[in-house]
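Here is a short report on selected residues and one ligand site. Take the sequence and the model together as you read.

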Amino acid sequence: MDLIDLRNVSDLTGIDINMVDTNTLAPEMEPNRQLYFMAKSREYVKRKSEELGRNLTVHITTFGCQMNAKDSEKLLGILEKIGYEETDDEKAADFLIMNTCTVRENANQKVYGHLGMYQSRKKKAPHRMIAICGCMMQEPEVIEKLKKSYRFVDLIFGTHNIFKLAELVSLCLEERLEELEAQGREDKKPKHKMVVDVWKDTDQIVEDLPVERKYSFKSGVNIMFGCNNFCSYCIVPYVRGRERSRRPGEIIGEIKNLVEDGVVEVMLLGQNVNSYGKGLDEPLNFAELLEEVEKIEGLERIRFMTSHPKDLSDELIEVMAKSKKICRHLHLPLQSGSSRILKAMNRRYTKEQYLALAEKIKTAIPDISLTTDIIVGFPGETEEDFQETLDVVRKVRFDSAFTFIYSKRTGTPAAAMENQVPEDVVKNRFDRLLKEVQDISAEVCGRDVHTVQTVLVEEVNDHSPELVTGRMSNNTIVHFPGDASLIGKLVDVYLEESKGFYYMGRLNQ
Ligand code: SAH
Ligand code: SF4
Ligand code: F3S
């Protein structure tokens with residue numbers, strides 16, 4: 001059979017990667033170009049596997065948010081096409097990848113700890129490949145440090161070019177092919193080169209690359225990338241670039257394919273989904289997109305993350321209220337309850353506006369579960385400001401709240417603010433906030449006890465294998481007796497007992 005020259009192919013459906021002609025020049029257009037490099041990299045992986053008498057393995061460590069988790073699924077999809085097999089055993093993997101987060105300093109520190117371990121793994125088996133990517137790589141100081149002190153890393157790339165993984169890997173593998181050819185002769189051994197490719201920003205969205213999903217029955221779906229909000233404490237707009245929305249047709253098409261593949265729940269992902277649709281050729285807002293997604297037959301549940309309060313429209317509340325598929329859960333980050341601090345944070349809403357919005361949502365959708373994010377210790381935060389935050393927490397009564405200690409991120413406006421709050425004061429406020437949040441959450445989360453609720457079963461319980469674990473529409477966790485055959489199914493469960501932030505139940509047959 002003839003080999004396929006990818007430069008001449010417009011529809012990639014059904015292309016057998018083994019039939020790709022890798023002796024031609026690489027195609028210019030995407031995603032054909034990446035498919036070509038997948039085929040090319042595959043040749044090395046095959047040879048090395050034959051030499052070792054086993055498949056080559058890859059392990060990806062992912063830090064950060066759902067966007068990063070989704071990116072890691074894309075990376076794995078590409079690497080599996082190249083011939084790598086995923087392994088849980090980080091110590092033994094032939095290819096180690098770390099997908100980093102830099103939203104707070106502590107996320108950042110974990111990475112250097114991990115790199116130390118990678119170095120010792122590489123000393124034991126020099127053929128090991130080490131790659132590092134994600135949000136932290138978008139910071140020039142980090143790249144400088146890695147180039148200087150972590151020369152053993154093979155590949156560094158950023159958030160804007162993960163679609164290019166196959167091409168970047170093939171650059172690294174070239175060196176390894178040469179090494180195989182040198183057959184151990186020192187004089188012929190190629191010099192180790194570190195491949196670094198980090199883009200400042202992009203307006204490109206490359207569609208139709210392979211993805212390896214972590215769960216068979218649920219999936220994240222990117223609807224937009226980047227963020228334009230520039231909250232004054234936040235580094236995300238600097239490392240993820242400007243806001244770009246995916247075309248509705250691409251999103252709907254992806255979800256339809258997922259449903260055909262057994263997915264019943266999707267999570268629409270974006271840093272600020274409420275501003276979806278800006279800049280599209282055919283304008284469509286987030287509420288309208290949700291209505292389109294709702295129409296997809298076979299899809300049972302729709303979630304989304306994250307909503308910015310300033311852009312949450314009445315239309316969205318209406319669509320949610322009448323929807324049969326949109327889950328009864330809204331994550332609505334508060335950040336602070338003080339209008340003064342909110343202004344300094346550049347959040348563009350006041351305490352009163354937030355409270356009114358929460359009230360409006362609860363009235364329209366009484367069974368909704370509201371969750372939030374709160375930062376304590378933003379520069380200039382006084383005890384009075386902090387009391388305002390506690391006041392909102394008490395008034396809204398969140399189902400749960402992620403609480404964070406403010407972390408200074410270089411390059412953000414807040415980092416240059418003078419009145420940083422002393423550590424002990426912040427710690428004290430943090431502890432008080434956590435207690436308040438937990439006490440309220442224990443009361444609020446138990447409100448459905450002794451009712452029957454639909455639960456999507458996600459996994460067999462780690463600690464008690466006779467139990468399975470799933471989630472209600474409002475995202476609360478339920479454990480109940482069952483087995484692996486239930487995974488991915490929506491079942492009715494009677495909630496026998498509330499344990500604070502989860503329930504114990506039994507199948508309601
Ligand atoms: N786009 C989302 C949040 C992304 S980051 C939104 O706007 O809600 C997730 C959370 O991390 C934020 O909601 C915020 O509470 C927290 N966060 C971001 N930057 C931080 C910083 N510098 N220090 C502490 N927490 C921070
Ligand atoms: Fe950061 Fe604000 Fe954008 Fe969220 S909306 S990612 S907190 S800048
Ligand atoms: Fe972290 Fe990047 Fe997400 S900084 S929170 S992984 S967008």
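C172 is buried, at 4% relative accessibility. This is a predicted model. C234 counts as buried too, at 15% relative accessibility. T87 joins the list, with a relative accessible area of 18%. The cut-off for buried is under 20% relative accessible area, so T87 falls within it.

| Residue | Relative accessibility | Class |
|---|---|---|
| C172 | 4% | buried |
| C234 | 15% | buried |
| T87 | 18% | buried |

**Cysteines**

How many disulfides does the structure hold? The count is zero. A disulfide is a covalent bond between the sulfur atoms of two cysteines. For C172, the closest cysteine sulfur is in C133. The two sulfurs are 12 Å apart, which is too far for a bond. A disulfide needs the sulfur atoms within 2.5 Å, so C172 and C133 do not form one.

**T87 and its surroundings**

T87 sits in a loop. That loop runs between β2 (85-86) and β3 (95-100). The T87 side chain reaches the backbone nitrogen of D89 at 2.9 Å. Which residues does T87 contact, leaving aside neighbours within four places in sequence? They are T57, V58, H59 and A93.

**Ligand 3**

Around ligand 3 lie G64, C65, N68, C101, T102, V103, C135, R240 and Q271. Cysteines appear in this shell: C65, C101 and C135. By class, the shell has four nonpolar and four polar residues, plus one charged residue. The charged one is R240.

Key: Residues are numbered from 1 along each chain as its sequence is written. Chains are lettered from A and ligands numbered from 1 in the order in which they are written. This is a predicted model: local features need pLDDT of at least 70, side-chain atom pairs count only at pLDDT 80 or more; totals for chains, interfaces and linings use all residues. Side-chain values use heavy atoms; hydrogens and water are left out. Helices (H or I, at least four residues) and strands (E, at least two) are DSSP runs, numbered from the N terminus. Buried means under 20% relative accessible area, exposed over 50%, partly exposed in between (1.4 Å probe, protein chains only). A polar contact is a pair of N or O atoms within 3.5 Å; within protein, one must be able to donate a hydrogen and the other to accept it, and residues adjacent in sequence count only if both atoms are side-chain atoms. Contact means heavy atoms within 4.5 Å. A residue is near a molecule or strand if one of its heavy atoms lies within 4 Å of it.
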